[in-house]
Amino acid sequence: MSRRSQIPRLTRSPLWPFAILAAIYLFLLTVLVPWWMDNNLLKGDGAGHLFLVEFTSQHLLPFGAGWCDRVWGGFAVGQLYPPLFHILGGALAKLTGAMVAVKILVTLTWLLIPVGLYLIAGTLAAASDPGRARPLLHGALLLAGWCGLALPSELLGIKETLGTNLESAIGNGMFPSAAGCAAWLLCTAALLRRDHRRPAAIAAPLALTVLLHPVWGLVAAATCAVAAASAILTPPPGESRIRVLVGWGIAGLLAFALSAFFALPFLVNAGQVHTTHIPLRWPAALWWLVAATAGLALLHWRRLPQKLRVVAATTGLLITCAGLGDAASLTFHFYRLTLPVSLLALTLLTYLLYQPWSTTDDTLRDSTNPSRLAVLLRVANFLMLLTLAAIFHTQGPVYPRGNPALSSANLPGISR
């Protein structure tokens, strides 16, 4: 068998997505194992989350909010902030102590994030032909999603950390943000499968996202709104719009019921939440990525499978909200929308570059026996993603080594 004939065979190997998933976990292992060995939870927002886990464990359980009387007249603790991370950490701290509890939750978060990316990539890879496996596309979409999430702020020239990538979620203490991202990925995977027939499959991850982090809760709500509108406007074959609407309505009500104990007080007292305007500060390269993705998506809109339209519309909605809100100087941390936009845009762009679009009709060209040029372009696209991943993983800082002097300080959780 010639070497040329082996290339298409190699691209059809079912091992591609598993190899990419294993590589991601191997990289995470090189980050998380040293992180476990260092005293490094008091960097950035980490000190506040560590205190909330400790205080919740000692004084607030089974509730996630209360009053702390340790400073002057006291202050409100855990109010108007999603409580789930601190409730879970506080319960776990009863057994392990606060520091170990936080590290366990952060580790579980980063073990779940690749799973969510894997499920989304597999669903999108099978969108145009559910009966045929497309392992190279599955692996490429998984790698694209990981690249979008691993985007380092140093490469963008942004001083603020992005909220969910490794340097933020591990190095700067933004633990609930990463957990909210993991819940959003699982929610998006359920949405793309159109699980309106099983409302709990959508409601549970949506409620988890709302209860973990406000920004990812908003992103999840936007994704659900787009997916619901898409399903209602173009219902699956054999189903009526009324039935689809009822299914999505039940999912929304169930998600609200699960998160109402936090969502209602938050909405009522939203005026008391103090925030600041932190601009996007996107470099030209990111805007070019967004523009190229938008242009290709619009060009091939009629040919896109419905699930890819959901991804494209969600990306467009987030970009529009981020751009207009930033221009109006609204009080919001707009830089936190960088990662969901980069993740969705890179995933969509990878799909668009992979597909052999026909120029004569509005359908996908049959690719069961793709041309040699199409195979080479797919391999080149995959190699470009590998290069991008290598650049991202070598540019940004991963985690701080911690302050050795803190081990002797009398701070919550240090003695454990």
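Select C321 to start: with a relative accessible area of 45%, this cysteine is partly exposed, a class that lies between buried (under 20% relative accessible area) and exposed (over 50%), computed with a 1.4 Å probe and protein chains only. The model is predicted, so local features need pLDDT of at least 70 and side-chain atom pairs count only at pLDDT 80 or more, while totals for chains, interfaces and linings use all residues. Residues are numbered from 1 along each chain as its sequence is written, and side-chain values use heavy atoms, with hydrogens and water left out.

Next, select C68. This cysteine is buried, at a relative accessible area of 1%. Counting as a disulfide any pair of cysteine sulfur atoms within 2.5 Å, the total is 0 disulfides.

**Whole chain**

Zoom out and colour by secondary structure. There are 16 helices and 2 strands; these are DSSP runs numbered from the N terminus, with helices being H or I of at least four residues and strands E of at least two. The protein has 416 residues, and 50% of them are buried. Its exposed surface is about 19,400 Å², of which carbon and sulfur atoms supply 67%; accessible areas come from the Shrake-Rupley method with a 1.4 Å probe, and for residues only the protein chains shown count as cover. Taking a contact as heavy atoms within 4.5 Å, residues 24 or more positions apart account for 76% of the contacts with a separation of 6 or more.

**The cores**

Select F85 and W110. In the largest nonpolar core, which has 102 residues, these two touch the most other members. A nonpolar core here is a set of buried Ala, Val, Leu, Ile, Met, Phe, Trp, Tyr and Cys residues joined through side-chain atoms within 4.5 Å. Helix 5 (residues 98-125) gives the most to this core, with 14 residues. A second, separate core has 5 residues, among them L52, F55, C68 and V77.

Show the surroundings of F85. Beyond its neighbours within four places in sequence, F85 is in contact with V53, V102, L105, V106, F175, P176, A179, L211 and L212.

**Helix 9**

From that list, move to A179, which sits in helix 9 (residues 175-192). A179 counts as buried because its relative accessibility is 8%. Neighbours within four places aside, A179 is in contact with F85, T109 and L212. Draw a distance from A179 to V106: these residues are 73 apart along the chain, and their C-alpha atoms are separated by 7.4 Å.

**Helix 6**

Select residues 135-149, which form helix 6. How many of its 15 residues are buried? The count is 15 of 15, so helix 6 is mostly covered by the under-20% rule. The end C-alpha atoms are 21 Å apart, which agrees with the 21 Å expected for 15 residues at 1.5 Å a residue; the expected span is 1.5 Å times one less than the number of residues.

**Helices 13 and 14**

Go to T293 in helix 13 (residues 284-299). T293 is buried, with a relative accessible area of 3%. Not counting residues up to four places away in sequence, T293 touches A345, L348, L349 and L352.

Finish at I319, in helix 14 (residues 306-327). Is I319 buried or exposed? I319 counts as buried, since its relative accessibility is 16%. Apart from neighbours within four places in sequence, I319 is in contact with W287, V290 and V341. The last distance to draw runs from I319 to L337: they are 18 residues apart in sequence and 8.2 Å apart in space, C-alpha to C-alpha.
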